[in-house]
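Grab a coffee and open your viewer. Here are a few exercises to work through, each with its solution spelled out.

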There are 2 protein chains.
Amino acid sequence: MSRKIFVSAKEVAERAGVSRSAVSRTFTQGASVSQETRRRVIEAAEALGYHVNHLARGLMRDESGIVCLIAAELDTPYRASLIRALTRHLQSASKIAMLVNTDRSDESVGQALRLAISYRADASIILSGMPARSITDICLKSGQRLVLINRDEERDGALMINLNDRDAAQRAFLALLRAGCRSFAFANSEALTPSLMAREEGFREAGRKHGMEVAVERFGATTYESGLVLAQRLLTRESRPDAIFCANDLIACGVMDAARHQFKLDIPSQLCLIGFDDIEQAKWSSYNLTTFAQPVDEIAAEAVTWLAHAPSQVRSRKLVAELVWRGSVRGG
Amino acid sequence: MSRKIFVSAKEVAERAGVSRSAVSRTFTQGASVSQETRRRVIEAAEALGYHVNHLARGLMRDESGIVCLIAAELDTPYRASLIRALTRHLQSASKIAMLVNTDRSDESVGQALRLAISYRADASIILSGMPARSITDICLKSGQRLVLINRDEERDGALMINLNDRDAAQRAFLALLRAGCRSFAFANSEALTPSLMAREEGFREAGRKHGMEVAVERFGATTYESGLVLAQRLLTRESRPDAIFCANDLIACGVMDAARHQFKLDIPSQLCLIGFDDIEQAKWSSYNLTTFAQPVDEIAAEAVTWLAHAPSQVRSRKLVAELVWRGSVRGG
DNA sequence: TTGTAAGCGTTATCAC
DNA sequence: GTGATAACGCTTACAA
């Protein structure tokens, strides 16, 4: 099929009139080569268009330089920004990202992990789903690093990065209470992921603590469209909520649009809304959404630092999502 | 640092009581192995957690299975959805995506391409920027496939996938004209990419053809925020436009928000708007934007089909972006 | 500093 | 169908 003919170190060596090892050393960090040899090698390499074969290099070294990113729904705003941050940080650490698109099933995550093993990835970063222990065990036993972002199950030897979802939800409740809201609701999807559930439970718990009922509605995927449906359901209840905490910004935008355009409610005077993630659209003036900011860059930095450096003792990091005050809650 | 100890074919062979070649054949498409041998190999492999080393395999075969995706601003809605589509299609073709995040500079694209060569990628797909000919020549000479999406410069041997930006822009003009608009404007960024410029020129040309002046404003990056500024500039002109064609949806959303919230204009009765891309947010009821839909899935399918199959004669594909009628243009 | 030689884990070729 | 053996392109002792 495709006849690939890349130039090899041997050819460079011949042209430069040195040995193959000299070429290798020229392109290896901290190897000892004389100025003169290096110069001649570089020159020949340049002329021939030589590039070290990382496949072969990965065979010898115990680092391939590859890190596997495993995620579903890559085009979701929050996910996309996390992937961007991760690739950026990885590249700064001289690693390269392999991107595997899974559906939500744990089976497909397992498949992705197998792929990561096949390419001898130095690490895998899992953003969606939770693979079976059998496969993560192989990863870890093989010496592959594993980073779990916003998953709750543990894996010995893996790094878990989590947010203070529960606390944030409680803060959300307090903020809404202070804004004078009396009837609280939580708009969730049916995805039931750890972080989404933690937000729901945190919010419920805060309600309980203050002796207030929290209406909870769950529907479909974690999308804008679900937000529309959720608003429909919540805002037609006999005791209509005047405060809705949404599982994430996408849902919040849907809820807001339905509340405004369908129920003709004014935000925030008749309905206060809080989201989660602080996606780009939350800042858009049509939404101007009060929400919790995911520390995307910090998450990426933590992950990459951990997997690039010595296996430190830290097994779990909890980062905080700060409340960003905008216009969807009174006062502030 | 990290002690990686993956299990090799040799170990599987020993455990299964067969030769290394038997193991290799078991995992190679269309190799001849007896039922019995295969069974024993699979069993041993399973027990040991063996996975074929794609690095080593890529060394022998002339296919690594790796395809390099090169793009800037990965978290932009359109880009993110294209990346999602590409990874999905690549995976269906048993390829794996490597993701390289560039800034807009052509230099960084060149770096990305070098990386692609280093990992012996079967192909590179460029979504942003345009690398120097010197480096693309190396790619092509090495037998690496090259796909350019929405770039205008040619590279012999590469596949170019383009949209009918010019025609679309002309259609946009006609649609706005038919809606009764009298004063036309184009809101562009300063990115000056081929597709953005083609849209601008197509729109201008259509105006000229109908003897109408088209106001053009360019500002900043291709973002929502730029849209806000562009609206500011366009809507304060002495002859305020009642029709604005925007370089893309992000800008359109910004223009719309500024027009509504700042200038208190009603869409579409006082101002008609057309965007480009048909990002998720264009469907959101706050925008309900009439726009051209990028055939994202088709683009991805074209690209992957081409690079997975025999080097067909086709060097360039022009796909069409269809106009999606929503509520930001009168009539329709 | 340099070259020689022995791997790394595969697959492809070749006898059997 | 199977098992040796020779690549593939690189890194790294080791000896010079």
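The exercises below deal with a predicted model and start with how its chains meet.

**Exercise 1. Work out how chain B sits relative to chain A.**

Solution. Start by superposing the copies: chain B lands on chain A with an RMSD of 0.1 Å after a rotation of 180 degrees, with 0.0 Å of shift along the axis. The two copies are therefore related as by a two-fold rotation axis. Now look at who takes part in the contact. Of the interface residues of chain B, 100% are also interface residues in chain A, so the copies meet through the same surface.

**Exercise 2. Put numbers on the interface between chain B and chain A: how many residues are in contact, and what area is buried?**

Solution. First, count the residues: 66 of chain B are in contact with 66 of chain A. Next, take the area. About 6400 Å² is buried between the two chains, and carbon and sulfur atoms give 58% of that. On the chain B side, the residues that lose the most area to chain A are Leu55(B), Arg120(B) and Trp284(B), which together make up 13% of what that side buries.

**Exercise 3. Find the polar contacts and salt bridges that link chain B and chain A, then say which elements of chain B supply the touching residues.**

Solution. Begin with the polar contacts, where the count is 32 residue pairs between the two chains, both residues at pLDDT 80 or more. Then go by element. Those of chain B that each supply at least two residues to the side touching chain A include helix H4 (54–60), helix H6 (106–118), helix H10 (224–235) and helix H12 (280–283). H5(B) gives the most, with eight residues. Sorted by class, that side of chain B has 30 nonpolar, 20 polar and 16 charged residues.

On to the charges. The rule finds four salt bridges across this interface, while the structure holds 42 over all chains. In one of the cross-chain pairs, Lys4(A) meets Asp122(B) at 2.8 Å, N to O. That pair runs from the segment before helix H1 (9–16) of chain A, where Lys4(A) sits, to the loop between H6 and strand S3 (123–126) of chain B, home of Asp122(B). Asp75(A) also forms a salt bridge with Arg84(B), with the closest N and O atoms 3.6 Å apart.

**Exercise 4. In what sense does strand S2 of chain A pair with S2(B), and which residue is the bridge partner of Ala97(A)?**

Solution. Trace strand S2 (residues 96–102) of chain A alongside S2(B): the two pair in the antiparallel sense over three bridges. Then zoom in on Ala97(A), whose bridge partner in S2(B) is Leu99(B).

**Exercise 5. Hunt down the cis peptide bonds at Pro268(A) and Pro268(B), then check phi at Asn150(A).**

Solution. In chain A, a cis peptide bond joins Ile267(A) and Pro268(A), with omega about 5 degrees. Pro268(A) lies in the loop between helix H11 (249–262) and strand S9 (272–277). Over in chain B, Ile267(B) and Pro268(B) are joined by a cis bond too, again with omega about 5 degrees, and Pro268(B) lies in the loop between H11 and strand S9 of chain B. Last stop: Asn150(A) is not a glycine, yet has a positive phi of about 60 degrees. Look for Asn150(A) in the loop between strand S4 (145–149) and strand S5 (159–163) of chain A.

Methods. Residues numbered from 1 in each chain as written. Chains lettered and ligands numbered in written order. Predicted model: local features only at pLDDT ≥ 70, side-chain atom pairs only at ≥ 80, totals over all residues. Heavy atoms only, no water. Contact = heavy atoms within 4.5 Å. Buried area = accessible area lost by both parts, 1.4 Å probe. Salt bridge = Lys/Arg side-chain N within 4 Å of Asp/Glu carboxyl O. Polar contact = N/O pair within 3.5 Å; in protein donor to acceptor, adjacent residues only side chain to side chain. Helix = DSSP H or I, 4+ residues; strand = E, 2+ residues; numbered from the N terminus. Nonpolar A, V, L, I, M, F, W, Y, C, P; charged D, E, K, R; others polar. Pairing = 2+ DSSP bridges. Least-squares fit on C-alpha atoms with pLDDT ≥ 70 in both.
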